[in-house]
Amino acid sequence: MNTFKLRTGQVLFALAVLALLLYTIFPFYIAIATSFGAGTGDHVYTPAYFDLRNYLSVFKEQPFFHNILNSALVSFATVAISLLIAVTASYALARVHFRGRTMLLLTVLGVSMFPQVAVLSGMFELIRMLGLYNSLGSLILSYTVFSLPFSVWILTTFMRGIPKDLEEAAIVDGATPWQIITRIFMPVLWPALVTTGLLAFIGAWNEFMFAITFILSNENRTVPVAISMISGDSQYELPWGPVMAASVVVTVPLIALVLIFQRKIVEGLTAGAVKG
Amino acid sequence: MDTSSIGAQGTKTATSPSALPRLGASTGRAKAELSGLSRQRIRTAWLFLTPMMIGLAFVAGWPLLRTIYLGFTDATLSSIDSYSFIGLENYLVYDNGHWYGLLADGLWWKSVWNTLYITVLSVSIETVLGVLVALILHAKFPGRGLVRAAILIPWAIPTVVSAKMWGWMLHDQFGVINDLFMTLHIISEPIAWTVNPDTVLGTIVAVDVWKTTPFMALLTLAALQMLPKDCYEAARVDGIHPLKVFFKVTLPLIKPALVVAVVFRMLDALRIFDLVYILTSNSEDTIVMSVYARQALIDFQQIGYGSAASTLLFLMVFGLTLAYIFATRLKLDGSGDH
Amino acid sequence: MSSIEFVKLDKVYKGLNNFHAVKGVDLSIKDGEFVVFVGPSGCGKSTLLRMIAGLEDISGGDMYFGSRRVNTLAPKERGIGMVFQSYALYPHMSVYDNMAFGLSLEKASSQNIDEKVREVAATLQIEHLLERKPKELSGGQRQRVAIGRAIVRQPNVFLFDEPLSNLDASLRVQMRIEIIKLHQRLKTTSIYVTHDQVEAMTMADKIVVLSQGRIMQVGSPLDIYNSPANTFVAGFMGSPNMNFIQVTANGSQLAAATCDVPRSFEVPFQHQGAATLGIRPEHIELTPQPGALQLECQVSVVEHLGNETLLYLNTDVSDQPLVVAVAGEKSMQIGEKLSVYLPPQCCHLFDANGDAIARLATTKPN
């Protein structure tokens, strides 16, 4: 009786896990299948052919390779610049007592809540003023500032976790704050830096509104915009095969990151929210 | 017996307790000098904060102020450098027996309603789902790490991609959703999910839930993993029903974390743009505040009017953030590091 | 090398209740002395040490190293080396790099660094560990590295913040001896914070007993043991704790306060009124002594420690059991009645404020 109860429980649990997996992965499976011809004719759920025609067409008919490079460039630059600024700022916020610290942290938190559209017109002006309109610089600038608040927020949480003794040992050894950051904290905190960098990378890689507003020419677009712009012969019917092929191409690196750094990403999300 | 030294030397008795009260006055002494360390650290702290503050001020603060200001002008995209101040006209103006402006525009109110509808529905559903998923992932089973990574995928992929994927799956003729539902006899004929006014908002909520439940689940899971094990063991020893344990022990304990996650998601949902823009572009049935504002700004080139709409959205988000900060009295002063 | 002088040193943590951690401390430490700050947790001993290190601002008063006022100097300008309770080794650096870090910041030549690090490593017998990371070391080895890191820059003052509290008992004794030997060799002024009175007694040239931010007594270990300045020091130093009996003094005659039938007892003190009589467990005798106070007791608990036996005795002179330490093994039955003897020359007397009353010179023993 008891074992029966246990077994049905286990079966139900396994079913729940399976349903969960199906729910999260099925759309992505359909995307892959479609990129190989599913959804045409009799093939509803399964691929119709096993060649790369849709993938080739994406790269042939659009500057998609260029778009990927743009996205990579913008994302890496965003990560590098925002980490550099965030590391020093979060050191100050986490480890030094000064007046106005709480106010500053609140401001940072506030900025991370800004709706993008709220700064769109002002940002548009600024970017035209700086001569960055229709250039990747406009995206690097806006993404850096939008990823800065949560990078600072997360790194501040991590920096608070470093034992006070460790910093004081370095102070007694004669290290300046800059030396403490570069020679002690950054090596100790590299997992946190990876986490923060990943979140900033994903944010920049996926961003859409600034990208579609500040970039005009096909060659300078990032991948989310490029995918949104793929169109077919008629206005009403999209070439779903190529669209899905492009989606798969864009998503694969992210899935790889997620699979490799799953634990770190979760840590970062948690540090940003739960411990805040 | 070792008593040779008793009383031999006068001990160096320092201040004895009875003689001390007079020293209490020293608190009021002249301002303490900061040591070289403190001075150097505070100076460096501000130096280290400068790049961030400059960045935030020029690329977030300034544009925000400009947006708010432009909301009081008649600027357009073509004449962005020459405009005039028109007061509240973008918001509300009475002219020739008619009210004009944002607050008199039915479409604006529709966008507000849609935004709130999506936010409330989506966040409630994903909270419940997220807790369920977190409970599943909290149990130990083979392949848990892989499942956890799998549920991160919807969160990690670009919203544009998930919108396209679902747009295709929800396609009225070739989409698998219609096929699936008809095979399962849930519906009798294909539905144009993203076009039909009756289904389109629900569709957006469904896709949003799919994409954001992982975030909720992972935050909840993290909270679950921080719970003390002993109170569960105590509950088990006492033979309390698991459901009762969940509602009486687990839920109250993870509530603070859950509240944070809900607020983060609400702020996010209020800004919803990508999904709606891609899935149902230009449809008035699904217009949300971000889409409305951007449409006015870029598509209709009415910088002033669009800025006014943006300002209202900002105020809503800002109000919610402030309410949250004051309600929870966020502990920002990093306890424990001094 | 350096002497250290505190003048009315104050530390107030600004905050909601302005915690006054150190209150008007005056102290002078001689060059080359090994000074131990001891006291219960929260007594201000660590704060005082951190003020010497320059890690805490000084809220009031002055601090001098030699004749130099150091109040506003940064830690690295003070010429100190510090060993932390948690060791605080840099986890990502090898032992060698941990020790070399401070020197490399001073821009010493790599040959110079190498010489010094290897020399110190040899002294501490950690040469074979130089390439390892801290996490690959045992607690005792980490402790040595932490000490090595402090020594290598040849500071004028060594600061130790409860350095042995994370070690197990036997290792603690061993490291204690090594630190003493090291001090004998280097003769660097050392300040050592601990809550462990055994460490204080065994290591110190001079003990500073602190309580609630104030100095209770300064003196050599035997001074502190033999002539505690007040009931706090008397009760804190010595294990097991000193017995206290509430008494009323009339000249040199004492009568127990709780006892119905006043029993008089002559002691080498002069006092009038309420007082506290103190006597250490190891000074109470089981055999009659000339002039000693005889107390009738009943055994309530017996603790066998092997080298000595502790008897907890109920008496009619105090609510607290009287603790008696007897050398060696002593078999006793619970409830057994016996007499104990308090020799007057081993007694301490404290006035109503808890301050020690001076012993009369005429009764100086022997």
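C:Ala53 is a buried residue, with 22 other C-beta atoms within 10 Å. That places C:Ala53 in the buried class because the class begins at 20 such atoms. Keep in mind as you look around that this is a predicted model. Below, we start with this residue and then turn to chain A, which supplies one of its contacts, A:Val172.

**Around C:Ala53**

- You will find C:Ala53 in helix H1 of chain C, a helix that covers residues 45-53.
- Setting aside neighbours within four places in sequence, C:Ala53 is in contact with C:Pro75, C:Ile80, C:Met82 and C:Leu159 of chain C, and with A:Val172 of chain A.
- For a view across chain C, try C:Gly291: this residue is 238 residues away from C:Ala53 along the chain, and their C-alpha atoms are separated by 52 Å.

**The make-up of chain A**

- Chain A has twelve helices and zero strands.
- Read from the N terminus on, each element of chain A is therefore an α in the run α-α-α-α-α-α-α-α-α-α-α-α.

**The overall form of chain A**

- Chain A is more spread out than a compact globule, because its radius of gyration is 23 Å, well over the 19 Å that the globule rule gives for 276 residues.
- Along its principal axes, the C-alpha trace of chain A spans about 75 × 75 × 30 Å.

**Packing and contacts in chain A**

- Of the 276 residues in chain A, 54% are buried.
- Among contacts in chain A with a separation of 6 or more, 74% join residues 24 or more positions apart.

Note on methods:
Residues are numbered from 1 along each chain as its sequence is written. Chains are lettered from A and ligands numbered from 1 in the order in which they are written. This is a predicted model: local features need pLDDT of at least 70, side-chain atom pairs count only at pLDDT 80 or more; totals for chains, interfaces and linings use all residues. Helices (H or I, at least four residues) and strands (E, at least two) are DSSP runs, numbered from the N terminus. The radius of gyration is taken over C-alpha atoms; the globule rule is 2.2 Å times the number of residues to the power 0.38. A residue is buried if 20 or more other C-beta atoms lie within 10 Å of its own, exposed if 12 or fewer, and partly exposed in between; C-beta atoms are placed from the backbone. Two residues are in contact if their C-beta atoms, placed from the backbone, lie within 7 Å.
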